[in-house]
Amino acid sequence: MTAPISESWTRIENWLAEHAPTTYGALAPPADPADIAATERDIGHPLPRPLVTSLLRHDGLRDQGGELLPGFYRPIGARRIADEWRRLTVYYDRRTAEEIGADEGDFDFMGRGFSSVLYGHPRLIPIARDVGGGYLVLDQRPETDRGRVHQAEAVEGVTRGSHEVWASLPVLMETVAASLETGRPVEHFRPEVDEQQRLRWNVIPLPDDRAVGGPGCASALTRAPAAGRRRQ
């Protein structure tokens with residue numbers, strides 16, 4: 001059973017306070033409920049409850065060069081979610097999506113693990129961003145992936161990770177908490193602390209340099225610098 005997101009936040013905070021105090025100090029205070037309500041009005045529907053719970057704990061990460069989630073992502077605050085959502089949805093090609101059709105589009109995404117047509121879909125809510133402009137988005141389409149976390153980039157489009165860590169935001173946060181506490185990697189990323197006492201997620205190279213698709217995987221997240229990959 002997945003832990004409540006508030007419990008995962010407590011574990012993450014405790015670990016950061018002891019081991020990565022710079023990142024701990026960069027955690028933003030709780031979001032203003034008025035900002036959450038304004039964002040919901042802007043995007044036209046309520047934010048998912050786990051996301052609201054997370055925002056009411058921390059309204060993003062204030063360190064614009066920092067990271068908290070594997071793949072070098074930093075959570076963004078409520079108002080920033082609305083701003084990034086507007087920026088992304090400009091690129092959604094509804095006409096092409098309608099011409100391709102839902103069945104073919106879903107097959108492309110579910111079968112191949114990626115889709116350029118879905119980039120900017122208004123029901124994909126940005127929740128984190130890397131320094132290169134890539135996003136983690138929370139799927140709110142009324143399909144089987146509702147609640148799942150995907151990666152979105154202008155070049156690759158939307159990438160669907162196959163690993164269970166991307167099943168939901170609560171699963172992702174619980175997995176991050178466990179990784180920090182134990183040092184076990186999240187897919188191909190291992191948590192480390194740099195000389196500035198910041199949390200960093202370093203890539204674990206694959207033995208044969210093979211590419212494996214999906215958020216948090218080497219093919220999607222180790223190419224630098226366009227999508228904010230690990231600085232060497």
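Begin with the whole chain of this predicted model, in which 53% of the 232 residues count as buried. Colouring by secondary structure will bring out nine helices and eight strands. If you then display contacts with a separation of 6 or more, 62% of them join residues 24 or more positions apart. Switching to a surface view, you are looking at about 10900 Å² of accessible area, 51% of which belongs to carbon and sulfur atoms.

**The largest nonpolar core**

Hide the surface and select Ile-12, Leu-51, Leu-69 and Leu-136, the residues that touch the most other members of the largest nonpolar core, which has 42 residues. To see where this core draws its residues from, add the elements that supply at least two each: the helices are H1 (5–19), H3 (33–43), H4 (49–55), H5 (78–89) and H8 (169–182), and the strands are S3 (124–129), S4 (135–139) and S8 (199–203). Helix H8 deserves its own colour, since its six residues are the largest share of this core. As a general background to such a view, nonpolar side chains in soluble globular proteins tend to be buried together.

Next, centre on Leu-69 and show its surroundings, leaving out residues up to four places away in sequence: the residues it touches are Pro-75, Ala-128, Leu-136, Leu-172, Met-173, Val-176 and Trp-201. Apart from the largest core lies another one, of nine residues, and you can find it by selecting Leu-88, Phe-109, Leu-124 and Tyr-135, which are among its members.

**Pro-122, in a loop**

Move now to the loop between strand S2 (114–115) and strand S3, where Pro-122 is found. Pro-122 counts as partly exposed because its relative accessibility is 21%, whereas a residue has to be under 20% to count as buried. Beyond residues up to four places away in sequence, Pro-122 touches His-45, Trp-85, Thr-89, Tyr-92 and Arg-94. Draw a distance from its C-alpha to that of Gly-44, and the viewer should give 9.3 Å, although the two residues are 78 apart in sequence.

**Glu-13, in helix H1**

For the last stop, return to helix H1 and select Glu-13, which lies within that helix. Is this residue buried or exposed? Glu-13 counts as buried, because its relative accessibility is 13%. With residues up to four places away in sequence again set aside, show Tyr-24, Leu-27, Arg-57 and His-58 as sticks, and you will have the residues that Glu-13 touches.

Terms used
Residues are numbered from 1 along each chain as its sequence is written. This is a predicted model: local features need pLDDT of at least 70, side-chain atom pairs count only at pLDDT 80 or more; totals for chains, interfaces and linings use all residues. Side-chain values use heavy atoms; hydrogens and water are left out. A nonpolar core is a set of buried Ala, Val, Leu, Ile, Met, Phe, Trp, Tyr and Cys residues joined through side-chain atoms within 4.5 Å. Buried means under 20% relative accessible area, exposed over 50%, partly exposed in between (1.4 Å probe, protein chains only). Helices (H or I, at least four residues) and strands (E, at least two) are DSSP runs, numbered from the N terminus. Contact means heavy atoms within 4.5 Å. Accessible areas come from the Shrake-Rupley method with a 1.4 Å probe; for residues, only the protein chains shown count as cover.
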